[in-house]
Amino acid sequence: SKCAENQPEAESWFSPEAHSSLKILKKEYRMLVKKYHPDVSVDTSSLAFMQAIMTERADILEQMK
């Protein structure tokens, strides 16, 4: 299972570019939400995926400060 806390770069939900560009991060986040949000995804893991995606996004935003 994906864990944003100790995820190696290759296992990231976001591209390396998204880690340094807010614009790219926002774009990729929107794409991930459209794909994995529990309201649109039939995947039973979608809620866990969204939580991991949001956690990683928060971590990236924190690192950008």
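These are my notebook entries on one predicted protein model.

**Entry 1: confidence**

I began with the confidence scores, since the model is predicted. The protein chain averages a pLDDT of 86, and 85% of the residues score at least 70. I then looked up residues 1-9, where the pLDDT is below 50. Beyond near neighbours in sequence, that stretch still has 14 contacts in the model.

**Entry 2: the chain as a whole**

I counted the elements next and found two helices and zero strands in the protein chain. I looked up burial for the chain: of its 65 residues, 31% are buried. For the surface, I noted about 4700 Å² exposed by the protein chain, with carbon and sulfur atoms supplying 54% of that area. I also checked how far apart in sequence the contacting residues are. Among contacts with a separation of 6 or more, 47% are between residues 24 or more positions apart.

**Entry 3: the nonpolar core**

Which residues make up the largest nonpolar core? I found eleven residues in the list. They are Trp13, Phe14, Ala18, Leu25, Tyr29, Leu32, Tyr36, Met50, Ala52, Ile53 and Ile60. I then asked which elements give two or more residues to this core. Helix 1 (22-36) and helix 2 (46-64) both do.

**Entry 4: Ile60**

I picked Ile60 from the core list and located it in helix 2. Is Ile60 buried or exposed? Ile60 counts as buried because its relative accessibility is 2%, and the cut-off for buried is under 20%. Leaving out residues up to four places away in sequence, I found that Ile60 touches Phe14, Ala18, His19 and Leu25. Phe14, Ala18 and Leu25 are also on the core list. I noted one distance as well: the C-alpha atoms of Ile60 and Leu22 are separated by 9.1 Å, with their positions 38 residues apart along the chain.

**Entry 5: Met50**

Met50 is another core residue, and I found it in helix 2. Its relative accessible area is 5%, so Met50 is buried. What does Met50 touch, not counting residues up to four places away in sequence? I listed Tyr29, Leu32, Val33, Tyr36, His37 and Pro38. Of these, Tyr29, Leu32 and Tyr36 appear in the core list too. From Met50 to His37 I noted 6.2 Å, C-alpha to C-alpha; in sequence they are 13 residues apart.

**Entry 6: Leu61**

I moved one place along to Leu61, which is also in helix 2. Leu61 has a relative accessible area of 29%, so I recorded it as partly exposed. Leaving aside neighbours within four places in sequence, Leu61 is in contact with Leu22 and Leu25. The C-alpha atoms of Leu61 and Ala18 are 9.9 Å apart, and the two residues are 43 residues apart along the chain.

**Entry 7: Ser15**

Where is Ser15? I found it in the segment before helix 1. Ser15 is buried because its relative accessible area is 18%, where the cut-off is under 20%. I looked for what its side chain meets and found a polar contact of 2.5 Å with the side chain of Glu28. Apart from residues up to four places away in sequence, Ser15 touches Ile24 and Glu28.

**Entry 8: Val40**

I turned to the loop between helix 1 and helix 2, where Val40 lies. Val40 has a relative accessible area of 55%, so I wrote it down as exposed. The cut-off for exposed is over 50%. With neighbours within four places in sequence set aside, Val40 is in contact with Val33, Lys34 and Lys35.

**Entry 9: the salt bridge**

How many salt bridges does the structure hold? I found one. It joins Lys65 and Glu62, and the closest N and O atoms are 3.5 Å apart. Side chains of opposite charge can pair when their charged atoms come close. I checked burial for this pair as well, and both Lys65 and Glu62 are exposed.

Methods. Residues are numbered from 1 along each chain as its sequence is written. This is a predicted model: local features need pLDDT of at least 70, side-chain atom pairs count only at pLDDT 80 or more; totals for chains, interfaces and linings use all residues. Side-chain values use heavy atoms; hydrogens and water are left out. pLDDT is the predictor's confidence in each residue, from 0 to 100. Contact means heavy atoms within 4.5 Å. A nonpolar core is a set of buried Ala, Val, Leu, Ile, Met, Phe, Trp, Tyr and Cys residues joined through side-chain atoms within 4.5 Å. Buried means under 20% relative accessible area, exposed over 50%, partly exposed in between (1.4 Å probe, protein chains only). Helices (H or I, at least four residues) and strands (E, at least two) are DSSP runs, numbered from the N terminus. A polar contact is a pair of N or O atoms within 3.5 Å; within protein, one must be able to donate a hydrogen and the other to accept it, and residues adjacent in sequence count only if both atoms are side-chain atoms. Accessible areas come from the Shrake-Rupley method with a 1.4 Å probe; for residues, only the protein chains shown count as cover. A salt bridge is a side-chain nitrogen of Lys or Arg within 4 Å of a carboxyl oxygen of Asp or Glu.
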